[in-house]
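Hi everyone, thanks for coming. I'd like to walk you through a structure that is probably new to most of you, so have a look at it first.

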Amino acid sequence: MSDPIRTVLAHSPELMVVRFAFAAGDRGALHSHPHVQSTYVQSGRYRFTQDGRDFEVGPGDAFVIPSGAEHGCLCLEAGQLIDSFTPRRDDFL
């Protein structure tokens, strides 16, 4: 188990698009941030936790994580997530 590999694909002050590559068993630790996040499942399977609620997603699924919501995930099958953040996550630069 390791951390997912993060690649910033595009960004401006108002928006950032990031690809996360996960191996099976990788985790995105529970965290929150002031950014609104949209997540698109490009490939793989994931169990997400958002504000104490668990749900599973797979290829083609997408959802929004509101500003300040605690969230994280467990990768069940290797794949990639495409996340968009508004405004940009300067801590990723």
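**Charges, rings and strands**

Let me start with Arg6, which lies over the face of Phe92, at 4.0 Å from the ring centre. Before I go on, please keep in mind that this is a predicted model.

There's another arginine like that. The charged end of Arg89 sits over the ring of Phe85, and the distance to the ring centre is 5.3 Å. Arg89 is also buried, at 9% relative accessibility. And Arg89 has a partner of opposite charge: its side chain meets that of Asp91 in a salt bridge, with 2.6 Å from N to O.

Okay, now the strands. E1 covers residues 5-12, and it pairs with E2 in the antiparallel sense, over seven bridges. How many residues lie between E1 and E2 in their hairpin? Two residues. If you want one spot to find on the screen, take His11, which stands opposite Met16 in E2.

E2 also pairs with strand E9, residues 79-86. Those two run antiparallel, again with seven bridges joining them. Here the spot to look for is Val17, opposite Ser84 in E9.

Stay on E2 for a second, and look at where its side chains go. Which ones are buried, and which are not? They alternate along the strand. Met16, Val18, Phe20 and Phe22 point to one face and are buried. Leu15, Val17, Arg19 and Ala21 point to the other face, and those are not buried.

Phe22 takes us to the aromatic rings. A search of the whole structure turns up seven aromatic pairs. One of them is Phe22 with Tyr46: the ring centres are 5.3 Å apart and the planes stand at 75 degrees, so we call the pair edge-to-face. Where do these two residues sit? Phe22 is in strand E2, residues 15-22, and Tyr46 is in strand E5, residues 45-50, so the pair ties together parts that are 24 residues apart in sequence. Phe22 counts as buried at 7% relative accessibility, and Tyr46 is buried too, with a relative accessible area of 0%.

Next, have a look at Phe48 and Phe55. What sort of aromatic pair do they form? A stacked one, with 5.9 Å from centre to centre and 15 degrees between the planes. Phe48 is buried at 4% relative accessibility. Phe55 has a relative accessible area of 15%, and the cut-off for buried is under 20%, so Phe55 counts as buried.

Put the ring pairs together and you get a cluster: Phe22, Tyr46, Phe48, Phe55 and Phe63 are linked in it.

Now for the open sheet. Four strands form it, in the order E3-E8-E5-E6, with antiparallel pairing. Which strands stand at the edges? E3, residues 27-31, and E6, residues 53-57. Each of them has a single partner strand, so one side of each is left without a neighbour in the sheet. From one strand to the next, the twist averages 20 degrees.

Inside that order, E5 pairs with E8, residues 71-77, over six bridges in the antiparallel sense. To find the pairing on your screen, go to Thr49, whose bridge partner in E8 is Gly72.

Last topic, the salt bridges. Side chains of opposite charge can pair when their charged atoms come close. The structure holds four salt bridges. In one of them, the side chains of Glu56 and Arg45 meet, at 3.8 Å from N to O. Glu56 lies in strand E6 and Arg45 in strand E5, so this pair ties together parts that are eleven residues apart in sequence. Buried or exposed? Neither fully: Glu56 is partly exposed with a relative accessible area of 41%, and Arg45 is partly exposed with 29%.

Another salt bridge joins Asp90 and Arg88, and there the closest N and O atoms are 2.6 Å apart. Asp90 counts as partly exposed, at 49% relative accessibility, whereas Arg88 is buried, with a relative accessible area of 19%. And salt bridges that share partners join Arg45, Arg47 and Glu56 into one network.

That's my tour, thanks for listening.

How values were computed. Residues are numbered from 1 along each chain as its sequence is written. This is a predicted model: local features need pLDDT of at least 70, side-chain atom pairs count only at pLDDT 80 or more; totals for chains, interfaces and linings use all residues. Side-chain values use heavy atoms; hydrogens and water are left out. Rings of Phe, Tyr and Trp (its six-membered ring) pair if their centres lie within 6.5 Å; planes under 30 degrees apart count as stacked, over 60 as edge-to-face and the rest as tilted. Buried means under 20% relative accessible area, exposed over 50%, partly exposed in between (1.4 Å probe, protein chains only). A charge sits over a ring if NZ of Lys or CZ of Arg is within 6 Å of the ring centre and within 35 degrees of the ring normal. Two strands pair if DSSP finds at least two bridges between them. Axes are lines fitted to C-alpha atoms, for helices over the stretch in contact, and angles run from 0 to 180 degrees between N-to-C directions.
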